[in-house]
Amino acid sequence: MILISLSSKFTKLSHNLSIGSQKKLVIVNLDGIFDYQIKQLEATSDSPFAHGNIMERMVIVSSAEKMLQSLTQIVESNIE
């Protein structure tokens, strides 16, 4: 599981989620700060050059409360 909180880390972390990785990518998109990067990843995932299933592993939330709920669900699903 990876939590992104800084824009400068976005590209590096999403690139590190390689083919076959099952890690969740949690994006806390407060005030739409990552809207452009999310759209870019969506466009790339539709491209014939895309590898893996990054969009299926992304969890996008817009508040700290929703982030905590998502993280709790991810952790609980990995325990079972």
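**Note on the predicted model: helix faces and the loop around Asn29**

1. On one side of helix H4, the residues Glu65, Leu68, Gln73 and Ile79 are exposed, while Met67, Ser70, Leu71 and Ile74 of H4 are buried. The buried residues cover an arc of only 100° around the axis, which puts them on the same side of H4. An α-helix has 3.6 residues a turn, so residues three or four places apart point the same way.

2. The length of H4 can be checked against its residue count. The helix takes in residues 64-79, and at 1.5 Å a residue its 16 residues should span 22 Å; the C-alpha atoms at its ends are 23 Å apart, which agrees with that expectation.

3. All of this rests on a predicted model, and the confidence values deserve a place in the reading. The protein chain has a mean pLDDT of 76, with 70% of its residues reaching 70 or more. Confidence is lowest in strand E1 (residues 2-4), where the mean is 49, and highest in E3, where it is 92.

4. As for the overall arrangement, the protein chain holds four helices and three strands, and along the sequence these follow the pattern β-α-β-α-α-β-α. Of the 80 residues of the chain, 30% count as buried. Among contacts with a separation of 6 or more, 61% are accounted for by residues 24 or more positions apart. The accessible surface of the chain comes to about 5700 Å², and 54% of this belongs to carbon and sulfur atoms.

5. Helix H2 (35-45) follows the loop that begins after strand E2 (25-28), and its buried residues are Gln37, Ile38 and Leu41. Seen down the axis of H2, these buried residues fall within an arc of 100°, so they line one face of the helix. The face turned away from that buried side carries the exposed residues Tyr36 and Lys39.

6. Which residues does asparagine 29 touch, leaving aside those up to four places away in sequence? They are Phe34, Asp35, Ile38, Ile60, Val61 and Ser62. Asparagine 29 lies in the loop between E2 and H2, and with a relative accessible area of 9% it is buried, because the cut-off for that class is under 20%. Its side chain reaches the backbone nitrogen of phenylalanine 34 at 2.6 Å, and a polar contact of 2.8 Å joins the side chains of asparagine 29 and aspartate 35.

7. Aspartate 31 also lies in the loop between E2 and H2. Is aspartate 31 buried or exposed? At 85% relative accessibility, aspartate 31 counts as exposed, whereas asparagine 29 is buried. The backbone of aspartate 31 merits a look as well, since its phi is near 55°, a positive value in a residue other than glycine.

8. Isoleucine 60, one of the residues touched by asparagine 29, has its place in strand E3 (residues 58-61), the element in which confidence is highest. At 39% relative accessibility, isoleucine 60 counts as partly exposed. Not counting residues up to four places away in sequence, isoleucine 60 touches Ile27, Asn29 and Ile38; of these, Ile38 is one of the buried residues of H2. Isoleucine 60 and phenylalanine 34 are 26 residues apart in sequence, and their C-alpha atoms are 9.6 Å apart in space.

Technical notes. Residues are numbered from 1 along each chain as its sequence is written. Side-chain values use heavy atoms; hydrogens and water are left out. Helices (H or I, at least four residues) and strands (E, at least two) are DSSP runs, numbered from the N terminus. The expected span of a helix is 1.5 Å times one less than its number of residues. Buried means under 20% relative accessible area, exposed over 50%, partly exposed in between (1.4 Å probe, protein chains only). The arc is that of the directions from the helix axis to the C-beta atoms. A polar contact is a pair of N or O atoms within 3.5 Å; within protein, one must be able to donate a hydrogen and the other to accept it, and residues adjacent in sequence count only if both atoms are side-chain atoms. Contact means heavy atoms within 4.5 Å. Accessible areas come from the Shrake-Rupley method with a 1.4 Å probe; for residues, only the protein chains shown count as cover. pLDDT is the predictor's confidence in each residue, from 0 to 100.
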